[in-house]
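This report describes a protein model, beginning with its domains and moving on to sheet, interface and core.

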Amino acid sequence: MSANAVPQGSTAPLEPPVPSQKPIKTTGLHIGEAEPGCAKVDPILVVDNVRRTFGGLTAVDVEHVEVPRGAITALIGPNGAGKTTLFNLLTGFDKPDDGKWTFDGRSLAGVPAYRVARMGQIRTFQLTKALGLLTVMDNMLLGAKGQTGENMFRALLPFLWRNQEEENRAKALDLLTRFKLDTKKDDYAASLSGGQRKLLEMARALMSDPTLVMLDEPMAGVNPALTQSLLDHILNLKSQGMTVLFVEHDMHMVRHIADWVIVMAEGKVVAEGDPHEVMKNPAVIDAYLGQHHDEDIGEDLGAEAENVVAMKELLDDER
Amino acid sequence: MDWGAIFSNAAVELISPTTAAYALAALGLAVHFGYTGLLNFGQAGFMALGAYGYAISILTFGFPVWGAFLVGVGASVVFALILGIPTLRLRADYLAIVTIAAAEIVRLLFTTNTFASVTGSANGLSGYKNEFAALNPLAEGSYGFGPFENNAYDTWLRIVAWSIVILAALLVWQVMRSPWGRVIKGIREDEDAVRALGKNVYAYKMQSLVFGGVLGTIAGMIFALPRAVVPSNYQTTLTFFIYAILLLGGAATVLGPIIGSMIFWVLLSFFSGFVARAVEAGWLPFMTAIQGGQLRFILVGVAIMLIVIFRPQGIFGNKKELAFVR
């Protein structure tokens with residue numbers, strides 16, 4: 001299958017993937033101390049007291065957090081910290097028990113997911129949602145906003161939407177070329193490899209010219225060769241003036257491209273700051289290693305070991 | 001064995017109004033199931049609303065043909081809204097449960113004695129054909145050739161029925177190649193992804209449910225015109241026959257339901273004629289004529305199974321679509 005077509009380039013897989021050019025970090029994003037919930041100079045997304053419980057479990061309980069505009073913000077935290085749940089709440093895919101949040105000054109509480117997307121806050125999913133039995137091109141065209149032909153009655157009169165369709169097609173082809181998917185445009189999306197689907201999903205999100213792109217684990221299951229191009233693409237979003245908020249487990253990636261890091265643990269925001277500073281924060285180390293990491297950890301060794309490795313990576317990188 | 005009669009009886013079904021009605025109903029189901037991924041198991045209910053809406057409007061209220069037509073279509077739009085409003089926000093399988101139950105409720109409402117003066121209860125309704133026949137521009141006489149020779153009324157009915165099928169097929173073909181159809185097919189693949197791209201998935205699913213339902217309703221009217229309206233015609237088996245036709249032709253295709261319906265009815269008629277004559281001729285000594293009448297459905301079932309096994313995408317379906325397991 002075409003999964004073999006993924007370029008298995010010369011980059012040795014052992015090397016941590018880095019963007020091809022050195023990213024320019026945006027600094028001076030916050031006002032005052034870099035503490036959880038600190039104010040930003042120009043916030044695009046402001047979250048207040050958003051809480052979501054599943055039965056007795058409080059998955060998300062965020063008192064206050066602001067996402068800076070025009071920067072790449074990483075949302076990190078150990079498994080089960082509530083990162084994806086927060087994503088779902090902010091994009092209207094899930095409803096919080098209470099709380100309010102604004103995007104670009106407009107309240108989003110109770111706004112359905114499709115309207116959130118129309119406002120310019122576009123998300124991708126942790127488990128890629130390529131529309132398998134649509135061609136790659138159709139996937140892309142679906143992302144375009146305000147299409148005349150998407151009205152059932154106007155759909156019957158092609159002359160009303162043909163020009164718009166051609167414009168969208170040209171734009172889609174341009175994006176596909178940038179994402180190196182243009183040769184696959186007439187293939188079913190189901191024939192793409194996992195990494196290519198991630199690329200397609202990101203390209204599709206860009207069809208609507210969003211202002212805030214929310215990426216849920218964009219690197220999960222992507223091979224190192226593609227990771228590099230994905231990193232470049234995310235950096236490009238910033239240089240084109242978009243704001244990026246992404247959930248990620250890969251600490252190398254966070255360190256390399258994020259301008260700001262928000263750390264969640266057990267549903268709360270426990271730390272915020274510059275990617276290099278925040279890793280030294282004791283609250284972050286606690287979150288990853290558990291608060292009793294100096295004591296005997298009898299249970300759940302697997303998860304602990306995973307977090308220890310993640311932490312070690314961080315500390316190694318720091319040296 | 002009169003092979004000529006068997007084949008000519010089978011050929012009659014090729015363009016019979018019933019075949020047209022099944023084709024149109026299957027086209028509606030293609031919109032629901034093939035393109036949008038809505039599991040509508042109540043197409044028989046939509047057809048019943050069309051047939052009864054048309055017949056009652058003419059018999060009880062004395063409406064003209066176009067008025068009766070609009071009543072039937074209006075009834076099915078309301079029916080689709082009632083089904084869709086509570087269920088389209090839920091997972092797909094809920095719609096299946098609700099539609100199969102709602103179609104039965106519709107049928108039982110038409111069967112109950114309480115409304116016998118309007119619905120004719122279990123005996124159904126008849127005598128509503130004059131209004132349609134009065135619109136016939138064809139002079140008395142016989143039209144067509146060979147097995148396709150019919151009197152003026154039957155020819156008129158065939159012309160109208162197949163014109164509607166062709167119009168509906170063009171309509172479906174056009175909307176499905178438009179951006180609207182792209183959203184609809186996207187919803188079939190993954191509605192959350194489509195929602196994340198800023199499309200009002202609920203509204204699109206509702207439009208699709210109404211559109212396919214109206215096609216089913218018009219099919220119900222065509223189905224009623226060559227016969228009487230009897231509630232037992234609109235059982236769940238009718239829905240399953242239409243599903244069989246749809247899968248035979250190819251679920252997400254325009255020509256599939258039409259050709260599927262022709263094959264289905266020609267096969268059914270062929271087996272029925274063949275078995276009846278074979279029993280008569282003593283070829284099947286273990287079988288009575290009544291049992292023979294049922295055997296045709298078994299044979300059609302076998303034929304459909306063979307097609308689904310050896311051509312699972314249907315006749316017009318795209319083989320590539322099946323290369324990817326979802």
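The domain assignment divides chain A into domain 1, covering 24-130 + 209-290, and domain 2, covering 134-191. The model is a predicted one. Between the C-alpha centres of domain 1 and domain 2 of chain A there are 29 Å.

Chain A contains ten helices and ten strands. Of its 319 residues, 45% are buried. Among the contacts in chain A with a separation of 6 or more, 70% are between residues 24 or more positions apart.

**The sheet in chain A**

An open sheet of six strands in chain A follows the order S6-S7-S8-S3-S9-S10, with mixed pairing. Its edge strands, S6 (121-123) and S10 (268-273) of chain A, each pair on one side only. On average, neighbouring strands of this sheet are turned by 20° against each other, direction ignored.

Within the sheet order, S3 sits between S8 and S9 of chain A. Strand S3 (residues 72-76) and strand S8 (residues 243-247) of chain A run parallel and are joined by four bridges. In this pair, A:Thr73 stands opposite A:Leu245 of S8(A). At the other end of the order, helix H9 (residues 282-289) of chain A lies across S9 (260-265) and S10 of chain A, and its direction makes an angle of about 130° with S10(A).

**The contact between the chains**

Chain A contributes 31 residues to the contact and chain B contributes 27. On the side of chain B that touches chain A, four helices of chain B each supply at least two residues:

| Helix of chain B | Residues |
|---|---|
| H8 | 152-176 |
| H9 | 179-189 |
| H10 | 191-196 |
| H11 | 201-224 |

H9(B) gives the most to this side, with eight residues. By residue class, the side of chain B that touches chain A holds ten nonpolar, seven polar and ten charged residues.

**Nonpolar cores**

In soluble globular proteins, nonpolar side chains tend to be buried together. Which residues touch the most other members of the largest nonpolar core? They are A:Val263 and B:Leu24, in a core of 175 residues. Domain 1 and domain 2 of chain A each give at least three residues to this core.

Leaving aside residues up to four places away in sequence, B:Leu24 touches B:Ile164, B:Val165, B:Ala168, B:Leu215, B:Ile218, B:Ala219 and B:Ile222. Another core, of eight residues, lies apart from the largest one and includes B:Ala10, B:Phe270, B:Val275 and B:Val279.

Notes
Residues are numbered from 1 along each chain as its sequence is written. Chains are lettered from A and ligands numbered from 1 in the order in which they are written. This is a predicted model: local features need pLDDT of at least 70, side-chain atom pairs count only at pLDDT 80 or more; totals for chains, interfaces and linings use all residues. Domain bounds come from an automatic or database domain assignment. A residue is buried if 20 or more other C-beta atoms lie within 10 Å of its own, exposed if 12 or fewer, and partly exposed in between; C-beta atoms are placed from the backbone. Two residues are in contact if their C-beta atoms, placed from the backbone, lie within 7 Å. Two strands pair if DSSP finds at least two bridges between them. Axes are lines fitted to C-alpha atoms, for helices over the stretch in contact, and angles run from 0 to 180 degrees between N-to-C directions. Ala, Val, Leu, Ile, Met, Phe, Trp, Tyr, Cys and Pro count as nonpolar, Asp, Glu, Lys and Arg as charged, and the others, Gly among them, as polar. A nonpolar core is a set of buried Ala, Val, Leu, Ile, Met, Phe, Trp, Tyr and Cys residues joined through C-beta atoms within 7 Å.
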